[in-house]
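Work through the exercises below with the structure in view. Try each task before reading its solution.

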Amino acid sequence: MLESAMLLCGAFIGLALLLNLWRLLKGPTLQDRVLALDTMYINAIALLLLLGMHMESPLYFEGALLIAMLGFISTVAVTKYLLRGDIIE
């Protein structure tokens, strides 16, 4: 039962990643693209956590933590660039 639920969740997260990719490529504004990229980070983290649960390996959880930190930092940097024109003041 748990295996089938994890498979179903993986399929939905994969579908969400494809929809985020579509928004990233076709987004009408730059803000939509940044938001799509941020959502892709979150979906990638969820997919890695599911894979870690399936494989029963803590290595995937560490990878998810690294992606979370890099995703947050890159989102803040891109947003700061869009608002002020530079990252470091």
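**Exercise 1.** Find which residues Thr-75 is in contact with, leaving aside its neighbours within four places in sequence.

*Solution.*
- Step 1. Work with the model as a predicted one.
- Step 2. Locate Thr-75: its place is in helix α3.
- Step 3. Set aside the neighbours within four places in sequence; Thr-75 is then in contact with Asp-38 and Tyr-41.
- Step 4. Turn to the side chain. One of its polar atoms lies 2.8 Å from the backbone oxygen of Gly-71.

**Exercise 2.** Decide whether Thr-75 is buried or exposed.

*Solution.*
- Step 1. Take the relative accessible area of Thr-75, which is 18%.
- Step 2. Apply the cut-off: buried means under 20%.
- Step 3. Thr-75 has 18%, so Thr-75 is buried.
- Step 4. Look for the other buried residues of α3. Ala-64 and Gly-71 join Thr-75 in that list.
- Step 5. Ask what they face. The buried residues of α3 pack against α2, residues 30-55.

**Exercise 3.** Compare the reach of helix α3 with its expected span.

*Solution.*
- Step 1. Count the residues: α3 covers 59-84 and has 26 of them.
- Step 2. Go from the first C-alpha to the last; the reach is 38 Å.
- Step 3. Set this against 1.5 Å a residue. The expected value is 38 Å, and the helix comes close to it.
- Step 4. Check what follows. Just after α3, Gly-85 takes a positive phi of about 95°.

**Exercise 4.** Match the UniProt "transmembrane region" records to the model.

*Solution.*
- Step 1. Read the unreviewed UniProt entry: it lists residues 5-22, 34-53 and 59-83.
- Step 2. Take residues 5-22. They are 100% helix and 0% strand, with end C-alpha atoms 26 Å apart.
- Step 3. Take residues 34-53. This span is also 100% helix and 0% strand, and its end C-alpha atoms lie 29 Å apart.
- Step 4. Place these spans in the whole. The protein has three helices and zero strands, in the pattern α-α-α.

**Exercise 5.** Describe the overall shape of the protein in numbers.

*Solution.*
- Step 1. Use the principal axes: the C-alpha trace spans about 50 × 25 × 10 Å.
- Step 2. Take the radius of gyration. The protein has 15 Å, but a compact globule of 89 residues would have a value near 12 Å.
- Step 3. Consider burial: 18% of the 89 residues are buried.
- Step 4. Finish with the surface. About 6600 Å² is exposed, and carbon and sulfur atoms supply 75% of it.

Notes
Residues numbered from 1 in each chain as written. Predicted model: local features only at pLDDT ≥ 70, side-chain atom pairs only at ≥ 80, totals over all residues. Heavy atoms only, no water. UniProt positions renumbered as here; feature names shortened; annotations may be inferred. Helix = DSSP H or I, 4+ residues; strand = E, 2+ residues; numbered from the N terminus. Expected span 1.5 Å × (residues − 1). Buried < 20%, exposed > 50% of the residue type's maximum accessible area, 1.4 Å probe, protein only. Contact = heavy atoms within 4.5 Å. Rg over C-alpha atoms; globule rule 2.2 N^0.38 Å. Areas by Shrake-Rupley, 256 points an atom, 1.4 Å probe, with all protein chains shown as cover. Polar contact = N/O pair within 3.5 Å; in protein donor to acceptor, adjacent residues only side chain to side chain.
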